[in-house]
Structure formats: C-alpha cells, structure tokens
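The following exercises ask you to read a protein fold step by step, with a worked solution after each task. Keep the sequence and the structure in view as you work.

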Amino acid sequence: MDLKSPRTDSSAASAANRNAANAPKHVLAPLPYDYAALEPHIDARTMMLHHDKHHASYVEKLNAALEPYAELRGRSLPWLMVNGDEIPQAIRTAVRNNAGGHLNHSLFWTLMKPKGGGDPGGALGKAITQAFGNIEAFRKAFDDAGGKVFGSGWVWLAMTPGKGAGKSSLEILTTPGHDNPIQQGKYPLLVNDVWEHAYYLKHENRRPDYLKGWWSVVNWPTVEQRFENPDQPTEFEPAGGFLHGAAK
Ligand code: MN3
C-alpha cells in the first residue's frame, strides 16, 4: 500500500476531521513591550518568568489537554471557559485552569503599559465615579479586594452588559485560580494578577505594595475602549466580542 497516495474518501465527516486536525494550536503572543518596560513597578525578571515560563506553560498544557479532542481544538478561549459541561471530564479541570490562565494573562498584558497610570477619563471615568464615589475610592476598594484573595487568584473591574441606562453596572470582584468573570456572564474591563508569581521576587510577601505600585502601569486608554466597545474583539477574544463570541 502506498501510504503517500492522496485520500480518496471525500465524505463530509472525513473533511470535518481533517479540518479539526488542522485547527491551529493556541499560541503565546509576545509581550507588547520589553520585560523592563514596567520597571520599577514590576521588575524585568518577574515579567520574563511570568510571561515566558508561567503563561507559556498554560498555553502548552492547554494544547496538550486538547490534543486528543479535535472537535475542541478550534474553540475560542472564552468558549472553553463558559462551556465546561461540554468538555470531557478527563480534561475539564485542565482546560478550565489552562484556558483561564492563557485568557487572563493575555488580557492582563494588554491592560498594562509603560508610563501608564493616572486616572481614567471619558465615559469610564464618569461611570467609576458614579459607582464608587471617586477614582481614589475605587482604587482603594480594588486593592482591598485584591489583598483579601486567599491564595492564588485575580481581582477584576467588570461590567454586566444590558443593565438599565443611567445605572452603573460596574463592580469589583475576585476569582480563584484562573477563573474569569465571563463564567458569571460579566465582561472584564481591568484585571490584576494576585498570584505570588506576579510579585514575589520584588515584593516578597508584601502584596499590598505590589497592588499600590501597579496603578502606575495601568493602561487606562485600553480599559476605556473596552468599556465603550465591549463587542470589539481583541486578538484573543473572538469576533462578536468577549461575551457574545463565547457562545461560538
Ligand atoms: Mn500570573
């Protein structure tokens, strides 16, 4: 038998299998700035280890878990996070942890930038003031929530789409492990990583110091865009937006 001969079976099922087999693997995008770009608030070595080792390992483990499941390999990260009951038991926990790790870090990198910080403006600034009293009170509430995360997790500013006009739908919430607000039907605007790997080399056990310094690298223009255009996809969010695209 000539193993190199082209397939003659052109049934739909076989075509679908070939397409799934060709589904691209999840990839680690490069950091959008240099490792040292967020110094002195986040040190270069932490950024290198965090992106090139921690984040990279989530991508690698996600691809390994999905490898035997061709039909799941083309699914978006948000889809994998909100459709846990459609994922085989054997890989459900691995997918939740590693798709979440990949999604949350991909978002986290874009929400920071060199020479960031300051206060949010535009519609977001107004909405934060309305919801929390003022920007400083918001930062304090966010840091209080982040400081209280027991063990590893994330602290978020999220909004619930579709709430009544004039009524702010903004809220601060925390998630354990690599969970994401989309699992609760909420759209993440801003996030900080409070796993020890995010700050331990520089701040050791002093998480509040890390939280406080982090505001100097927040990329508010991108957060403002997310607030104003939640349906606009990013590289790792599917067309149709973070929440709507999660169904695909
Ligand atoms: Mn992390």
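A residue is called buried if 20 or more other C-beta atoms lie within 10 Å of its own, and exposed if 12 or fewer do so. By this rule six of the seven residues of β1 are buried, and the strand is mostly covered. Please bear in mind throughout that this is a predicted model.

**Exercise 1. Describe the overall make-up of the protein.**

Solution. Begin with the secondary structure, which comes to nine helices and three strands. Next, follow the chain along the sequence, where these elements appear in the pattern α-α-α-α-α-α-β-β-β-α-α-α. Then turn to burial: of the 248 residues of the protein, 31% count as buried. Finally, consider the contacts between residues with a separation of 6 or more, of which 70% are made by residues 24 or more positions apart.

**Exercise 2. Work out in which order the strands lie in the sheet, and which strands stand at its edges.**

Solution. The three strands form an open sheet in the order β2-β1-β3, and their pairing is antiparallel. The edges are taken by β2 (170-176) and β3 (187-193), each of which has a single partner strand, so one side of each is left without a neighbour in the sheet. On average, neighbouring strands of this sheet are turned by 25° against each other, direction ignored.

Now count the bridges. Strand β1 (residues 153-159) is joined to β3 by six bridges, while seven bridges join β1 to β2. M159 serves as an example of a residue with a partner on either strand, for M159 stands opposite Y187 in β3 and has L170 as its bridge partner in β2.

As a last step, look at how well the strands are covered. In β3, seven of its seven residues are buried, and in β1 six of the seven are.

**Exercise 3. Decide whether P176 is buried or exposed.**

Solution. First locate the residue: P176 lies in strand β2. Then apply the cut-off, by which 12 or fewer neighbours make a residue exposed. Because P176 has 11 C-beta neighbours inside 10 Å, P176 counts as exposed. To place this residue further, note that P176 and V194 are 18 residues apart in sequence and, from C-alpha to C-alpha, 9.9 Å apart in space.

**Exercise 4. Describe how α2 and α4 pack, giving the angle, the handedness and the residues involved.**

Solution. Two packed helices are described by the angle between their axes and by the distance between the axes. For helix α2 (residues 44-66) and α4, the axes come within 8 Å and cross at roughly 140°. An angle that is neither under 35 nor over 145 degrees, and lies outside 65 to 115, counts as oblique, and α2 and α4 are therefore oblique to each other. Their crossing is left-handed.

The residues come next. On α2 the contact uses H55, Y58, V59, K61, L62 and A65, which meet I91, A94, V95, N98, A99, G101, H102 and H105 in α4. Sorted by class, the contact of α2 with α4 has eight nonpolar, five polar and one charged residues.

**Exercise 5. Describe how α5 packs with α9 and with α6.**

Solution. Take α9 to begin with. Helix α5 (residues 122-132) and helix α9 (residues 220-228) pack at an angle of about 85°, and their axes are 8 Å apart. The two helices are therefore roughly perpendicular to each other. G122, A123, L124 and A127 of α5 make the contact with V223, E224, F227 and E228 of α9. By class, this contact of α5 with α9 has five nonpolar, one polar and two charged residues.

Continue with helix α6 (residues 135-148), where the axes of α5 and α6 come within 8 Å and cross at roughly 70°. Here too the angle falls between 65 and 115 degrees, and α5 and α6 are therefore roughly perpendicular to each other. The contact is made by G125, I128, T129 and F132 of α5 together with I135, A137, F138 and A141 of α6. The residues of the contact of α5 with α6 divide into six nonpolar, two polar and no charged.

Note on methods. Residues numbered from 1 in each chain as written. Predicted model: local features only at pLDDT ≥ 70, side-chain atom pairs only at ≥ 80, totals over all residues. Pairing = 2+ DSSP bridges. Helix = DSSP H or I, 4+ residues; strand = E, 2+ residues; numbered from the N terminus. Axes fitted to C-alpha atoms, helices over the stretch in contact; angles between N-to-C directions. Left-handed = near helix turned anticlockwise from the far one by under 90°. Contact = placed C-beta atoms within 7 Å. Nonpolar A, V, L, I, M, F, W, Y, C, P; charged D, E, K, R; others polar.
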